[in-house]
Amino acid sequence: MVNIAVLGYGTVGSGVVEVIRTNQEIINKKAGQEINIKYVLDLRDFPGDPVEKILVHDYDVIVTDPTVDIVVEVMGGVDPAYKFVKRALLLGKSVCTSNKELVAKHGAELIAIAEENNINFLFEAAVGGGIPIIRPLKSSLTADDITEITGILNGTTNYILTEMAQKGSAFEDVLKVAQEKGYAERNPEADVEGYDACRKIAILTSLVTGYQVNYENIHTEGITKITTKDFEYAKAMKASIKLLGTSKKDGDTFYSMVAPVMIGENHPLFHVNDVFNGIFVHGNVLDDVMFYGRGAGKLPTASAVVSDVVEAAKYLKSNIATLWSEEEMELGDFAKFKNKFFVRMKDKGLDDDQMMDIKNAFGNVLYVKAPGIVDELAFVTEPICEGDFAEHIKNFDDVYSVIRVDF
Ligand code: HSE
């Protein structure tokens with residue numbers, strides 16, 4: 001029998017208990033032994049809930065109990081999760097977590113501690129909710145030089161953008177529903193400003209490169225400036241707007257970014273809608289591969305956490321190697337990253353003069369019209385360096401929108 005302790009009885013923690021209770025027999029069989037939830041840690045009481053009998057408020061009870069083999073950290077946030085997890089690992093207990101903040105910030109160190117202690121630090125649920133992506137990157141896609149990883153990595157924002165695109169719904173209304181469904185972060189700013197996706201692409205890029213990618217160094221934009229008018233132009237171009245986290249190899253380094261991007265209908269992520277996430281990986285010999293599934297929500301996320309528990313139980317006293325050193329990866333200079341841009345600005349009625357200024361700044365652009373929208377000039381540039389674009393766009397007044405384009 002393997003004893004586990006679940007830290008946090010919120011959305012994911014209660015999901016972990018539910019998944020284990022629902023699929024106990026299958027899970028035991030796959031783990032090769034019984035998985036027993038010995039403790040649940042939470043500050044709150046849950047009178048009448050079945051976990052009442054195994055609920056503890058003091059982490060010491062768990063970490064000092066030598067019969068606890070695996071700690072499941074689903075509290076979120078770095079403090080006190082980092083302290084709890086590090087202590088468990090140092091005492092020889094494997095840890096499974098869904099905590100992307102913790103993994104992005106301290107992943108390399110915690111992996112090293114697990115390796116030294118011949119146990120495991122596993123984090124399948126930290127990226128892509130229920131989608132298996134961490135294990136495939138660690139164990140399956142090992143024959144390739146991975147040259148691109150691009151994903152819709154945040155379920156909340158994908159849900160919001162899909163509702164805005166398909167129903168013209170207001171941003172705030174859709175966000176509220178995402179919160180009710182348990183998709184959003186406690187502070188949804190982390191979702192809508194792109195911080196959550198940023199941590200996830202940092203984790204993926206660290207796994208792809210084997211070095212520590214600091215998320216603070218990744219250029220990050222959220223979706224708060226996207227309007228229904230932008231969607232009207234996107235529709236006119238048979239495109240969609242998605243919040244993408246991307247890392248593309250260039251020589252010995254990677255350019256990384258999180259930003260809303262207009263993608264065309266041939267893009268592999270075009271049909272990834274609602275709370276679903278999609279992660280596209282390109283390898284030099286494999287070519288393209290896609291991972292798709294529910295990127296947030298109680299049971300899909302818990303499914304990924306429990307899959308780690310099964311893995312940790314199978315490899316209780318042996319470390320599964322994870323290539324992620326504490327040495328920092330220097331990302332490519334963002335100013336040199338080339339992208340195409342969609343721009344909407346006020347039509348000043350100066351016709352040739354304004355168009356000449358646009359041509360002088362951005363070269364040959366493709367003008368776009370959306371039905372019923374007047375008094376605006378909208379265009380798509382050729383690929384241009386981020387730094388050059390930023391330098392030129394600031395010379396234009398009344399710019400309504402700037403969105404990167406990938407088609
Ligand atoms: N808030 C996150 C999302 C939860 O919406 O994707 C899953 O990490």
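Which residue stands opposite Gly-151 in S9? The exercises below lead to this and related points.

The structure is a predicted model, in which local features need pLDDT of at least 70 and side-chain atom pairs count only at pLDDT 80 or more, while totals for chains, interfaces and linings use all residues. Residues are numbered from 1 along each chain as its sequence is written, and side-chain values use heavy atoms, with hydrogens and water left out.

**Exercise 1. Find the residue opposite Gly-151 and describe the pairings of strand S9.**

Solution.

Step 1. Helices (H or I, at least four residues) and strands (E, at least two) are DSSP runs, numbered from the N terminus. Strand S9 covers residues 239-250.

Step 2. Two strands pair if DSSP finds at least two bridges between them. S7 and S9 meet this rule with 4 bridges, in the antiparallel sense. In this pairing Gly-151 stands opposite Gly-245.

Step 3. S9 is also joined to strand S10 (residues 253-264) by 12 bridges, and these two strands run antiparallel. Here Lys-248 stands opposite Tyr-255.

Step 4. S9 and S10 form a hairpin with 2 residues between the strands, where Gly-251 takes a positive phi near 65°.

Step 5. Buried means under 20% relative accessible area, exposed over 50%, and partly exposed in between (1.4 Å probe, protein chains only). By this rule 9 of the 12 residues of S9 are buried, and the strand is mostly covered.

**Exercise 2. Explain why strand S11 is largely enclosed, and identify the strands joined to S11.**

Solution.

Step 1. Strand S11 (residues 276-283) has 7 of its 8 residues buried, so S11 is largely enclosed by the rest of the structure.

Step 2. Strand S7 (residues 146-152) is joined to S11 by 6 bridges, and the two run antiparallel. Glu-148 stands opposite His-282 in this pairing.

Step 3. Strand S12 (residues 287-294) is joined to S11 by 8 bridges, again antiparallel. Asn-277 of S11 stands opposite Gly-293. S11 and S12 form a hairpin, with 3 residues between them.

**Exercise 3. State the strand order of the open sheet of 6 strands, and name its edges.**

Solution.

Step 1. Strands of a sheet pair through backbone hydrogen bonds, either parallel or antiparallel.

Step 2. In this open sheet the order is S3-S2-S1-S4-S5-S6, and the pairing is parallel. The edge strands are S3 and strand S6 (121-122), each of which pairs on one side only.

Step 3. S1 and S2 pair over 6 bridges in the parallel sense, and Val-6 stands opposite Val-40 in S2.

**Exercise 4. Classify the ring pairs Tyr-9 with Phe-46 and Phe-362 with Phe-396.**

Solution.

Step 1. Rings of Phe, Tyr and Trp (its six-membered ring) pair if their centres lie within 6.5 Å; planes under 30 degrees apart count as stacked, over 60 as edge-to-face and the rest as tilted. The rule gives 14 aromatic pairs.

Step 2. The ring centres of Tyr-9 and Phe-46 are 4.8 Å apart and the planes stand at 75°, so this pair is edge-to-face. Tyr-9 lies in the loop between strand S1 (2-7) and helix H1 (11-22), and Phe-46 lies in the loop between strand S2 (35-41) and strand S3 (55-56), so that the pair links parts of the chain 37 residues apart. Both residues are buried.

Step 3. For Phe-362 and Phe-396 the centres are 5.7 Å apart and the planes are at 25°, so the pair is stacked. Phe-362 belongs to helix H13 (residues 352-362), while Phe-396 is in the loop between helix H14 (386-393) and strand S17 (399-406).

Step 4. Phe-362 counts as buried at 6% relative accessibility, and Phe-396 is buried at 16%. Ring pairs link these two with Phe-341, Tyr-367, Phe-379 and Phe-389 into a cluster.

**Exercise 5. Describe the contacts of the ligand and the share of its area that the protein buries.**

Solution.

Step 1. A polar contact is a pair of N or O atoms within 3.5 Å. A polar side-chain atom of Glu-185 lies 2.6 Å from a nitrogen atom of the ligand.

Step 2. A backbone N or O atom of Gly-155 lies 2.7 Å from an oxygen atom of the ligand. For Asn-154, a polar side-chain atom lies 3.5 Å from a ligand oxygen atom.

Step 3. Accessible areas come from the Shrake-Rupley method with a 1.4 Å probe. The ligand taken alone exposes 250 Å², of which the protein buries 93%.

Technical notes: Polar contact = N/O pair within 3.5 Å; in protein donor to acceptor, adjacent residues only side chain to side chain.
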